[in-house]
Every structure is written in structure tokens, then in C-alpha cells.
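Open the model in your viewer and keep the selection box handy. We'll go stop by stop, picking something and looking at what sits around it.

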Amino acid sequence: MSDEREKPGAVTLPSRRRRFWRRLLLVVGVAHLVGFVSSLDAMMSSRTSQGAVAWIVSLNTLPYVAVPAYWVFGRTKFQGYVSARRDENSVLGQALAEKLAELRAHGVSDEHADKHLVGVEQLAKLPFLGSNRVELLIDGEQTFESLFAGIDAAERYLLVQFYIVRADAVGLALQARLIEKARQGVEVFFLYDEIGSYALPSHYLQTLEEAGVRVHRFHSTRGTGNRFQLNFRNHRKIMVADGERAWVGGFNVGDEYLEGHPRIGPWRDTHLMIEGPAALALQLVFLEDWHWATEEIPELPWSPLIPSGHGTPVLILPSGPADRFETASLMIQQAIHAAQERIWISSPYFVPDEGVLAMLKLASLSGVEVKILIPERPDNLLTYFAAYAFLDSLLEAGVEVYRYEGGFLHGKAFLVDEIGAAVGTVNLDNRSFRLNFEVTAMVMDADFAAEVDAMFKADFARARQMQPEEISDKPLWHRVAARAAYLFAPVL
């Protein structure tokens with residue numbers, strides 16, 4: 001009787017098992033080797049010791065899950081952008097140096113500069129620029145009316161950049177205006193974030209291109225070393241018309257920003273129009289982003305419009321994962337430190353880092369009136385629950401926390417004493433502080449501060465003040481959810 005196991009070339013059951021275990025051990029060994037190498041990268045690049053320890057432990061114990069997570073979510077520097085910016089001999093480096101030198105000529109003289117703001121000027125690599133006119137834009141009707149009027153008035157070029165663009169009624173209205181300007185011979189540059197605008201259909205972009213609009217996406221995955229860095233976003237919202245007027249703030253392009261959201265209600269947002277030299281500072285920010293997307297630097301005029309009768313100092317402060325320092329977090333900490341009487345802050349997401357959290361507590365304990373305005377109805381449950389991990393200690397320190405009940409609060413602004421205020425794209429969370437490209441316009445002007453004061457008071461009137469027992473009386477499941485959400489703070 002023949003035995004199958006004795007046939008030449010036959011694979012016995014034990015040999016198949018040995019082969020299986022050898023392959024399995026090889027896969028496990030490679031996984032742990034990759035995890036170990038990745039943990040070395042985490043050790044050298046993580047911004048905090050806690051973050052480094054967390055990644056090192058997880059990468060070496062569960063590399064099968066942790067390695068993909070690390071290379072998508074663990075990186076803190078946008079490496080390609082860093083290299084392009086820091087190479088002073090590159091085309092971009094030389095262009096930046098030239099334009100910065102030209103803009104510094106419009107800087108506010110030392111006797112008018114605030115000593116508390118030297119640090120943010122160093123972060124921006126620019127002084128406060130004088131001779132500006134600013135206009136505070138509250139909610140969608142004012143903002144889109146101003147934006148569309150700026151597009152219609154443009155004669156030479158338009159720089160348009162948004163994080164989210166939708167192909168709905170508002171998005172189509174923007175598209176139609178850009179197409180009309182392009183057909184009139186105006187140079188139109190349109191930049192959007194590839195992740196924020198992932199749902200934007202190709203025919204929307206194709207229609208713009210066919211009309212002569214130069215369209216590009218800000219793709220964080222460009223470059224061989226950046227294929228997996230999906231965690232970075234370009235969250236900036238900028239428009240510049242002819243280098244004379246510029247717009248910046250919280251508004252994206254979509255119907256909800258004008259008509260409200262069916263679930264969370266009217267959209268409460270804030271934007272800013274700037275006329276003067278500071279518009280060119282925003283143009284410079286756009287130029288950097290456009291260069292990353294296209295490796296081109298548009299030839300644009302750099303002679304600012306000087307509005308008569310206006311001398312408002314404005315500082316444009318870009319921030320992001322290509323910075324040497326944690327610019328956005330340091331900006332907020334400096335504003336809190338500068339406050340002598342009050343610091344009021346509005347943010348749709350509130351997951352501050354330890355530095356900002358400590359500064360808020362210290363300011364309140366020192367007698368500064370600290371007020372935080374956040375939404376009552378969230379659009380993101382993870383950030384909603386994560387905030388509860390911080391709120392109890394802030395309330396205990398005397399910080400006043402208000403929840404806006406008039407819809408969804410999306411405005412990003414802060415007010416310091418009676419001397420100045422800021423409007424921009426920065427949320428009070430780790431994503432804005434370390435993972436997003438953001439931009440803030442700081443305005444040192446008592447009249448503008450009074451406008452922002454009135455805006456905040458109107459918002460506080462439609463908000464309720466939180467009490468400590470709100471947190472202590474929460475059920476156990478809520479407290480557990482808050483602490484669990486807090487674990488995701490580094491990527492929120």
C-alpha cells in the first residue's frame with residue numbers, strides 16, 4: 001500500500017507547520033524591528049516626554065497597530081515644508097527674505113510698539129505693520145457680502161485659499177465670480193486643502209481651470225517621505241485682492257456658514273477685512289503655501305495701498321507644523337501674559353495644552369478676568385467630551401466658562417484689556433497648536449478692541465455660564481467618556 005508521505009516532493013504536515021511558524025516568526029520579527037526603529041524616531045522627534053514614552057511603549061509592544069498609527073498621526077513636523085522654508089539659498093528662501101525686508105519698512109515705530117508683544121513679533125518674523133484699516137465681519141451675511149464685493153472689485157489678481165470648499169449654493173456663487181474675473185483678465189489663484197475639501201467634486205475644479213483659474217490643492221502627502229502624513233491640515237482661510245485688501249478668519253465656503261446647520265443651528269462666526277500693508281503679509285503667507293503646492297512663486301506686485309486717515313497696527317502671525325517653535329500656543333500664552341485686566345477667548349474647540357491651561361489658571365488667580373466662550377451644541381463629540389477633562393480645574397481657579405446657545409459657535413477670537421484683539425483660524429486645541437497650518441491677525445487698536453468687546457458681550461448674552469456642580473454632578477459614564485476622550489488630546 002502506497003504512503004502519500006513517502007512520495008518524492010510531497011510536503012508533509014509537520015513541514016507545512018514548520019514553514020507556517022517560520023513565516024509567522026519572520027513577520028513578527030519584522031514588525032517588532034519596524035516598531036523599534038519607529039520608536040527611535042518617536043524618541044528623537046516627540047515634543048513632550050509623555051508623548052515619547054507613550055509612542056515608545058506602544059510601538060514596541062503592539063507594533064502591528066501602533067506603527068501605522070504613528071506614521072499617520074505621530075509626526076509633529078511637516079518635513080517637506082520645513083526644508084523648503086529653512087533653506088535660505090532656495091528660491092523660496094530668497095523670495096521670503098526680499099518680501100519681508102520690504103514689509104518691515106511699514107513697521108510701527110518702537111515708541112508705539114507694546115513691550116508685551118515683542119515675542120509674537122519674533123514668532124511672526126515681522127513687526128506690527130501700521131497704516132491699516134480693519135473691518136470686523138460678524139456672521140455669514142456680512143462676511144460673504146464683503147468677500148464677494150472684494151472679488152468683484154479686483155482688477156489685477158486674486159489669491160483665494162480655504163480649508164473647506166463645498167459645491168453648494170455658496171460654493172457655486174464663489175465659483176461663478178472667480179470665473180468671471182478670470183475671463184476679465186484678472187489672475188486668479190485658487191488653493192484648497194485636499195483633506196478638508198475631500199468632498200469637492202472634480203467637475204467644480206475642472207470648470208474653474210477651463211475658465212483660466214489656476215487651481216491647486218495643498219497636499220500634505222506630496223513627497224516620498226510624506227506619503228502617510230495625513231494628520232496635517234492647511235486650516236487657513238485667506239483671500240487677497242490686488243495686494244491691497246485681504247480677508248482672514250473662521251469662514252469656509254459652504255451653505256451652513258450662511259444658512260446654519262440643520263442639527264446644530266445658526267452658524268456664529270467671525271472674519272476680518274484688512275486694507276493696507278498687512279494685506280501683503282497675508283499675501284506672503286499665501287505665497288508660502290502656493291509654493292509648497294506648485295513649486296512656483298507667482299510674480300505679484302508688492303506695493304501696499306495706504307488708506308488715508310487710518311493708522312491701525314496689525315500683525316499677521318502664521319503658524320504651523322513647519323515652525324521651529326509651537327507658534328500658536330506661544331501666541332495664546334503671550335496674550336494671556338500681556339493681559340492686565342481681562343482676556344476673553346472664543347473657540348469652537350477647547351482642548352488646550354498644558355502651557356495654555358496653566359497660563360489661564362495663573363491669570364485668573366492673579367485677578368485677571370478670564371472668560372472662555374465655547375459652543376453648547378458641538379459638531380464633534382470627541383472634542384466636546386475631552387473639554388470636560390479641563391473645565392473643572394479652570395472653574396476652580398476662577399475662570400468663567402460660557403456655553404453659546406444661539407447656534408454653533410465657530411469664531412476664533414480673543415480680546416486683551418482695552419488695547420487690542422485678534423481674529424484668525426486658530427482653535428484652542430492641539431490640532432491648531434501643532435498639526436494645522438493656521439494664521440491670526442492681531443490688531444492693536446482701542447477702537448477695534450471696543451468693537452470686539454461689543455461682539456463678545458452680545459455672544460455672552462446668548463450664552464450660559466457653567467457652574468462647578470455641572471461637572472461634579474455628571475454621571476459616571478460621562479466622566480469616563482471625558483477621560484477617554486482626553487487620551488486623544490494630542491490629535492484633537
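How many helices and strands are there in the protein? There are 18 helices and 20 strands, where helices (H or I, at least four residues) and strands (E, at least two) are DSSP runs numbered from the N terminus. Before you click on anything: this is a predicted model, so local features need pLDDT of at least 70 and side-chain atom pairs count only at pLDDT 80 or more, while totals for chains, interfaces and linings use all residues. Residues are numbered from 1 along each chain as its sequence is written, and side-chain values use heavy atoms, with hydrogens and water left out.

**The whole chain**

Colour by accessibility if you can. Of the 492 residues, 56% count as buried; buried means under 20% relative accessible area, exposed over 50%, and partly exposed in between (1.4 Å probe, protein chains only). Now think about contacts, meaning heavy atoms within 4.5 Å. Among those with a separation of 6 or more, 81% are between residues 24 or more positions apart.

**Stop 1: Lys125, then helix α7**

Select Lys125, in the loop between α6 (118–124) and β1 (129–138). Lys125 is not a glycine, yet its phi is positive, at about 60°. Its relative accessible area of 48% makes Lys125 partly exposed.

Move on to helix α7, residues 139–153. Asp139 belongs to this helix, and here is another non-glycine with a positive phi, about 70°. Asp139 is partly exposed, at 27% relative accessibility. Put a distance between the end C-alpha atoms of α7: they are 22 Å apart, which agrees with the 21 Å that 15 residues should span at 1.5 Å a residue. (The expected span is 1.5 Å times one less than the number of residues.) Then show the buried residues of α7: Gly140, Thr143, Phe144, Ser146, Leu147, Phe148, Gly150 and Ile151.

**Stop 2: strand β7 and its partners**

Select 245–249, which is strand β7. Here 4 of the 5 residues are buried, so β7 is largely enclosed by the rest of the structure. Which way does β6 run against β7? Strand β6 (residues 238–241) pairs with β7 in the antiparallel sense, over 4 bridges; two strands pair if DSSP finds at least two bridges between them. To see one bridge, pick Ile238 and its partner in β7, Val248. The two strands make a hairpin with 3 residues between them, and Asp242 in the turn has a positive phi of about 60°.

β7 also runs antiparallel to strand β9 (residues 270–275), joined by 5 bridges. Gly249 is bridged to His271 in β9.

**Stop 3: helix α11**

Residues 277–294 are helix α11, and the 26 Å between its end C-alpha atoms agrees with the span expected for 18 residues, 26 Å. Is α11 enclosed or open? 18 of its 18 residues are buried, so α11 is largely enclosed by the rest of the structure. Just after α11 comes Glu295, with a positive phi near 60°.

**Stop 4: Pro348**

Pro348 sits in the loop between β11 (342–346) and β12 (350–351). Pro348 is buried, with a relative accessible area of 7%. Leaving out residues up to four places away in sequence, Pro348 touches Pro375, Phe408, Leu409, His410, Gly411, Lys412 and Asn427. Add Leu428 to the selection too: Pro348 and Leu428 are 80 residues apart in sequence and 8.0 Å apart in space, C-alpha to C-alpha.

**Stop 5: strand β17**

Next, select 420–424 for β17, where 5 of the 5 residues are buried, so the strand is largely enclosed by the rest of the structure. Gly420, Ala422 and Gly424 point one way, while Ala421 and Val423 point the other. On one pairing, strand β16 (residues 413–416) runs antiparallel to β17 with 4 bridges, and Phe414 stands opposite Ala422. The β16–β17 hairpin has 3 residues between its strands, with Asp417 in the turn at a positive phi of about 50°. Strand β19 (residues 436–443) also pairs antiparallel with β17 over 4 bridges; look for Ala421 and its partner Val443.

**Last stop: α14 against α18**

Select 381–396 and 476–486: helices α14 and α18 pack at about 100°, with axes 7 Å apart. Axes are lines fitted to C-alpha atoms, for helices over the stretch in contact, and angles run from 0 to 180 degrees between N-to-C directions. The two helices are therefore roughly perpendicular, the term for 65 to 115 degrees. Show side chains for the contact, including Phe385 and Tyr388 in α14 and Trp477 and Tyr486 in α18.

Notes
Angles under 35 degrees count as roughly parallel, over 145 as roughly antiparallel, 65 to 115 as roughly perpendicular and the rest as oblique.
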